[in-house]
Amino acid sequence: MAKEIEFNKVLKVDHTKAFGIVSNFEKYSEFIPGCKEAILIKKDDCIEIGRLDFEILGKEYFIESENSLTNNSIEIKQLKGPFQDFKGKWVVKKIDEASCHIFFKAEFELPFLLNAITPQSLIDKFSITIINSFINRVL
């Protein structure tokens with residue numbers, strides 16, 4: 001069964017700064033809890049292939065993704081990793097010189113056994129922690 005995460009927020013920060021933080025996944029290990037390493041595998045024009053290594057609850061995970069970038073958005077598609085399927089999208093829209101709207105949405109499917117034992121409350125808590133790490137980095 002697919003699960004969703006969605007986030008919308010207006011921030012008092014320049015949109016280029018916000019998008020710069022969201023799009024520079026090589027720095028994710030500096031501020032995302034549990035992220036131990038972020039590696040750029042390949043970059044071609046507007047497509048990046050990257051890998052994020054995590055340690056969560058004493059277990060190591062990784063996700064390798066294809067990230068399609070525009071001037072204000074990133075579409076993320078898992079190539080390898082812990083999910084049956086994972087797709088996400090960041091959008092950062094300029095409101096004015098000093099504020100922007102940040103939107104994130106992800107749809108994912110956990111493997112059967114993990115899905116059966118992982119409560120939605122844990123997924124929500126983990127998601128909020130990660131989103132807040134981006135917000136704190138931007139501000």
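Below, a trainee and a mentor discuss how the terms used for this predicted model rest on their definitions.

Mentor: In this predicted model, local features need pLDDT of at least 70 and side-chain atom pairs count only at pLDDT 80 or more, while totals for chains, interfaces and linings use all residues. Residues are numbered from 1 along each chain as its sequence is written, and side-chain values use heavy atoms, with hydrogens and water left out.

Trainee: What makes the chain as compact as a globular protein of its length?

Mentor: The globule rule is 2.2 Å times the number of residues to the power 0.38, and the radius of gyration is taken over C-alpha atoms. For 139 residues the rule gives 14 Å, and the chain has 15 Å, which is close to that value, so the chain is as compact as a globular protein of that length.

Trainee: Why is Gln78 called buried?

Mentor: Buried means under 20% relative accessible area, exposed over 50%, and partly exposed in between, with a 1.4 Å probe and protein chains only. Gln78 has 13%, and is therefore buried. Gln78 belongs to strand 5, residues 73-80, where a strand is a DSSP run of E with at least two residues, numbered from the N terminus.

Trainee: Which residues are in contact with Gln78, leaving aside its neighbours within four places in sequence?

Mentor: They are Ile63, Glu64, Ser65, Phe83, Gln84 and Phe86, where contact means heavy atoms within 4.5 Å. For Phe83, the side chain of Gln78 also reaches the backbone oxygen at 2.8 Å.

Definitions and conventions
Helices (H or I, at least four residues) and strands (E, at least two) are DSSP runs, numbered from the N terminus. A polar contact is a pair of N or O atoms within 3.5 Å; within protein, one must be able to donate a hydrogen and the other to accept it, and residues adjacent in sequence count only if both atoms are side-chain atoms.
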